[in-house]
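Colleague: Could you take a close look at one chain of this model for me, and then follow it out to its neighbour? I would like one connected account rather than a list.

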Amino acid sequence: MSCLLRLFVPFCLSLGFAITFCFATTAAAEDCVECHKKETAAAVEQWQASSHASTVDCSDCHGSDHEAILKGDAPVDAKVCGRCHEDAYRQHISSKHGMGLHSGWGCTRNLVSRDPRECRFCHEEGSTQPKTNVQCARFLAQTSEMEALGCNRCHQVENSCASCHTNHITDLATVRSPGTCATCHMGPDHPQWEMWQTSRHGVLFEAMGETAGPTCQRCHMPNGSHDVSYGITMSPAMVQSSSERFATSREEMVAICMQCHARSFAERELKSGDVILAQSQKLIREAEAVIRDLADRNLLVPSLQNRPEHPLRGQDLVLDGQMLYEDISHIERLFFKMKKYALAKTVKGAFHQNPAYTHWYGNAELKMTLVDIKAEAARLQSRPAPVDEKSASKAGEGSLFRSIQEELQILKRKRDRGAIDAEEYSQSKQELLERVPEE
Amino acid sequence: MVGSPPQAVNEIPLVRIADIDPAGLFAADQDGRNLVISRGGLHLLDLKSGSKQKLSSESPVALVWSLDGLVLAAAFPITDYETRLTLYSSQGSLLHETLLPVVVSQMIWSVRGDLLVTGFALKTYSFGGNLRQVLYRVDTEKVVERVLADTSLKPATAKTLAPIMQSVQPVIFSPHGDELVFVKLHDPPAFSPYLQLRYMNWESGEERSLGKIPLQSLRFFWREPAASVDVMAQTENFSLPLWSSVDVSVEKLRIPLYRFVKGRLYYGEKLLADWGGEARLQILANGRYLLAQKGRLYLGDGLQSAPRVVYSKKAWTLRRWRFEGLITPDEYLNLSERKP
């Protein structure tokens, strides 16, 4: 406990100073409180018990336009908090939490191939706020109710400090609890909370408290930092950071581990995680190649032409972070499960030192799903190709022209996506064209 | 058709075969066996007996016989932007009728037997206009529509274009009927309107731009096998290669073609006859031709017989593959010329 006190006391003192400085002159809250004791009793009680009560009035955060508040036009977003909590706000918006509403955009900042000039396509100079509207296909494919409750309730963390701090409670006990993180960081796609809870770290925390077992915050928000990307060496899509950034982030995490462990142990453990990441990504690429080959041959069921258009990519085959889990073929659904669930469990399980997640929930599922994908591919390849009405009418059922045409289309798709080089394409095409009948 | 230019056009006397409305249409099948004329309505004419059979009391705006001469397609205007398309047998029986919500700009039968109709509809409002161009493929069971262009127009453009829309919206089909060149009007808010020339293989659905020119009246002439289109514009005449990569290699294949412009018949660049600006001409397959002049229809002879364009599944398929990028223009030429 003494360790944590050393970490948090200076932070809280500086926070208190900032608040006092910020609201040196505050208006009385009696006008609000009188009614809101009846209307929103819990909010009033929580505020009165908070450190805000003596320094921050209702109108300081909510404004004084009651009509706008009722309409929802005066949200208390992260910018409002940032007026006083400047450091915390700055750390927050530059972290992964600061792009929570835009995670579907595929931000390239952690990619090896990233070109910093690309930032301007989505951002104003020096801002993480995007210039245009939501570009997350999974979000766009949902109903408005599901968007609000199933998507934004977590992804609103970008603009809402209340996502973790709640609305009126300022007691940091709530946000120091791993349970706060668990609201979002759990479940099949990224079960970090379950991994931690059943890891040696979590078990020690449960048995002996924070002095023995580190929490999420201890490693990922050291010294009260709001930069949750601190020490992380890969993107949310599990693409490893560029080498320069990787070295910096890795050293940050090693330094955290060294609060309890030897450097050599920490480096070895994290290095194992890197290797497992690379091994797992190789399996993903193998599965992806199988599916792309099926798409080249128009063997997916439903075919790309016979399904609703992808919200962002139309009739393209989408297997990246914009992949949907509806209106796709069974083999794509298997791939979604493999990439979104099993890969995350393997890799994040490794970095959270959870053997069961790394192996059984992760690695074994990755490999078994790849078996399923190959079996499904074999099944699809043994079926007659789905008849595309457009193609059928063009060349005539069963004709040699149609057969050659399909082979030409497959070759072209392979060349267009770089699966074969120009020479192989030209040679294979010439062999096909030799079969073109005179009539 | 290759050889010295024909000299006989003015030496062989014209045979008067019927009277028609001064601006009335006429159409014969390519062998000249079946003939329809517009004279106070639409009539099927038997050249041997001279008898007439009335098909409609209305006058058509477009007439075309199928290549086998068995079906006649006739388009009759209903309202400003509505056309009735009627199919008749060569005996004059009504086969099919359908309504198209456009003014017909072009109507042909492909060598495969597809009836293809292009048309446009210009709607004008106080705040501007909307121009819609459509390609239809029509048979007795269904009409398949493909929108070629859907353009918003500024008020001044809409007003100026309304009376001359036909002349700035030319369409030409390839001799096989599987490809076409058309014009897409663009009228951007802060700039002058312009025409984009588009090339399409209608069966593949693919199309691409050939270039753009200022808004003006145009005429197109398709050249085969060079695969180019001659553009006669108000400002300049030029040839537009459809497959630029093979343009040079096929230049030697260019052959003269008959061209009828404002009453004048040319063979390549050579003027063969001048019948006056109001005259209209249809060239038949066997060297004969029909000439309409001052309300009279004549049968002429003495032109060189053009080779018949016949349907080839191979050629039809190869052109579509070329358009879809499955084969290159050079591969198309090689495969087209390959002998068994």
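Modeller: In this predicted model, chain A has 439 residues, of which 39% are buried. Its secondary structure comes to 22 helices and 0 strands. Among the contacts in chain A with a separation of 6 or more, 63% are between residues 24 or more positions apart.

The loops of chain A deserve some attention from anyone checking backbone geometry. In the loop between helix H17 (263–296) and helix H18 (330–351) of chain A lies Pro302(A), and the peptide bond that leads into Pro302(A) from Val301(A) is cis, with omega near 0°. That loop between H17 and H18 of chain A also holds Asn298(A), whose phi is near 60°, a positive value in a residue other than glycine. Asn298(A) counts as buried because its relative accessible area is 17%, and the cut-off for that word is under 20%. A positive phi, of about 60°, is found in Asn223(A) as well, again in a residue that is not a glycine; Asn223(A) belongs to the loop between helix H15 (216–220) and helix H16 (243–257) of chain A.

Turning to enclosed space, the model has 3 cavities of 30 Å³ or more, and the largest cavity holds about 130 Å³. The largest cavity is lined by 16 residues, and those closest to its centre are Arg307(A), His310(A), Asp316(A), Asp327(A) and Ile328(A). By character, the lining of the largest cavity divides into 7 nonpolar, 3 polar and 6 charged residues.

As for the neighbour, 21 residues of chain A are in contact with 19 residues of chain B. Between them the two chains, A and B, bury about 1,700 Å², and 53% of that area is on carbon and sulfur atoms. The count of salt bridges between chain B and chain A is 1: Glu331(B) pairs with Lys429(A), and the closest N and O atoms of this salt bridge are 2.8 Å apart.

Within chain B, helix H3 (residues 313–323) is mostly covered, with 10 of its 11 residues buried. The buried residues of H3(B) include the aromatic side chains of Trp316(B), Trp321(B) and Phe323(B), and also Lys314(B), Arg319(B), Arg320(B) and Arg322(B). Just after H3(B) comes Gly325(B), which takes a positive phi of about 80°.

How values were computed
Residues are numbered from 1 along each chain as its sequence is written. Chains are lettered from A and ligands numbered from 1 in the order in which they are written. This is a predicted model: local features need pLDDT of at least 70, side-chain atom pairs count only at pLDDT 80 or more; totals for chains, interfaces and linings use all residues. Side-chain values use heavy atoms; hydrogens and water are left out. On a 1 Å grid over the protein atoms alone, a cavity is a set of points where a 1.4 Å probe fits but cannot get out, and a pocket is an open set with protein on both sides within 12 Å along at least five of seven lines; lining residues have an atom within 4 Å of a point. Grid points are joined across faces, edges and corners, and a volume is the space filled by probe spheres set on the points. Ala, Val, Leu, Ile, Met, Phe, Trp, Tyr, Cys and Pro count as nonpolar, Asp, Glu, Lys and Arg as charged, and the others, Gly among them, as polar. Buried means under 20% relative accessible area, exposed over 50%, partly exposed in between (1.4 Å probe, protein chains only). Helices (H or I, at least four residues) and strands (E, at least two) are DSSP runs, numbered from the N terminus. Contact means heavy atoms within 4.5 Å. Buried area is the accessible area (1.4 Å probe) that two parts lose on being put together, summed over both. A salt bridge is a side-chain nitrogen of Lys or Arg within 4 Å of a carboxyl oxygen of Asp or Glu.
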